[in-house]
Amino acid sequence: AFLGCICIIFGCTFFFILLPYVLRYHAEIEDITLDRTDGKCRVIIRTHGRHWLPHRSVQRFLKDSMLRFRANSSAGTFVLGGTLNASSTGRPVPAVFFNTDHPFLDAPSSKNEEGWIMTEAAALEAEASALYFWAKPMERTESKQKIAGHLIQPVTSHHLILLGQDGLPTSRSIETSKGVLRIPFPLTLFMLSVPGTFVSIGLLMVLSALLALLPFLALISSPEGAKWVYFLSSMIAVLLATGFHLFVASLRPITPTQRTLRRHMRNIARLNPQPELTRRKKGPERAVRAGHVEDLVTTFQESIRHRDMYYVATNIIKPVTKAHRLSYAECVGPQTVSWFVSHYWGTSFSHFAASIQKHSEAVVQPFNSAQDVSYWICSFSN
């Protein structure tokens, strides 16, 4: 009986640990970017932590291991991010995206988002400018309806490729550092596997259920009230599984962009602890200093890279200003405008910030700092 209870507890615990992943599996997105490393355009998704999609079959794993043993390299790989070799051998899986704030990705939602929203027209303009910059012709025949359904293909334990409905890598210009991707049930039963293993979650759940049920079938014929034993063992398993999920949730680290956002918001709070007192009407009193723009680029340099204002407004400015419901200028400390800026959002934000810096150095008055020259910039001042 004691051995049976142990089997029931272990079986039920593993079953209830895996159950939430089967019913509602999601992977947090760390970054999505259009990679052009080896001359081919691929939308690369980097998950925060290991995803549960097997990127190699058992046969491929053994083959790659033998190749590395013989030649110290693996065949059929491509360069990812300039440094990492990846192999696109995983099975394509349907996926649904949420909260990326990008119209090419997010599933239709009834949630009413406040403030500026990146529309499909804005995404197409951003894509056109990016493709023009990389000297690639723009093809506007691909509509949002065509790319509404997505396939993803795992290439490493942290990276996936975004595929179109034709199963080929999509070359859409998509840049974001937020959101989650979900694998719909019941595909999770046979498409997911515990990281580091090749066994599907569905098979593990069946084995866990058998481990819990077989001792119960043996105990049911005993006169000592096996039903209560089974019930108490199941409750212990539920408590253990709940404790496991709470423990995992408490250890889950935030993404690098989220960590930088929190640090930046703390710095802003030290400089302007009561932004509500600096609220200004829309107009010339909502300017920012050149130093504010330079500080933003310096702080988020690893996230911004070559990206444009569409990315900065969605992934940086909106999260910073959301809590106070103020403009970025009011959060950091508004200034009276000296120069009005009109610019195209599709250009590189780093280039835009460099232009502001050069202009401030050219127009600064004697005995003043170039960083104190104030500018009215739509995304910062509205």
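Author: Buried means under 20% relative accessible area, exposed means over 50%, and partly exposed lies in between (1.4 Å probe, protein chains only). This is a predicted model, in which local features need pLDDT of at least 70, side-chain atom pairs count only at pLDDT 80 or more, and totals for chains, interfaces and linings use all residues. Residues are numbered from 1 along each chain as its sequence is written, while side-chain values use heavy atoms and leave out hydrogens and water.

Reader: What is the relative accessible area of L207?
Author: L207 sits in helix α5, which covers residues 201–219 (helices, H or I, of at least four residues and strands, E, of at least two are DSSP runs, numbered from the N terminus). L207 counts as partly exposed, because its relative accessible area is 47%.

Reader: About what area does the nonpolar surface patch that includes L207 have?
Author: A patch is made of residues with over 30% relative accessible area and no salt bridge, like charges being joined within 9 Å and nonpolar side chains (Val, Leu, Ile, Met, Phe, Trp, Tyr) within 5 Å. Here V199, L203, V206, L207, L210 and L214 make up the patch. By the Shrake-Rupley method with a 1.4 Å probe, where for residues only the protein chains shown count as cover, its area is about 510 Å².

Reader: How many residues does α10 give to the largest nonpolar core?
Author: A nonpolar core is a set of buried Ala, Val, Leu, Ile, Met, Phe, Trp, Tyr and Cys residues joined through side-chain atoms within 4.5 Å. The largest one holds 65 residues, among which I152 and F349 touch the most other members. The element that gives the most to this core is α10, and the number of residues it gives is eight.

Reader: How many residues form the second, separate core?
Author: I44, V155, I161 and L163 are included in this second core, which is separate, and its number of residues is five. In soluble globular proteins, nonpolar side chains tend to be buried together. For the core that includes I44, the count asked for is thus five.

Reader: How many bridges pair β1 with β2?
Author: Strand β1 is mostly covered, nine of its 11 residues being buried. Strands pair if DSSP finds at least two bridges between them, and β1 pairs with β8 in the antiparallel sense over four bridges, Y25 having I183 in β8 as its partner. On β2, the bridge partner of D35 is R42, and the antiparallel pairing of β1 and β2 has a number of bridges equal to six.

Reader: How far apart in sequence are the parts that R46 and E30 tie together?
Author: A salt bridge is a side-chain nitrogen of Lys or Arg within 4 Å of a carboxyl oxygen of Asp or Glu, and the side chains of R46 and E30 meet in one at 2.9 Å, N to O. Because R46 belongs to strand β2 (residues 42–47) and E30 to strand β1 (residues 25–35), the parts are apart by 16 residues.

Reader: Which residues join E175 in one salt-bridge network?
Author: E175 forms a salt bridge with R307, with the closest N and O atoms 2.6 Å apart. This pair links distant parts of the chain, 132 residues apart, E175 lying in the loop between β7 and β8 and R307 in the loop between α9 (301–304) and α10 (309–322). Through salt bridges that share partners, E175 is joined into one network with D31, R305 and R307.
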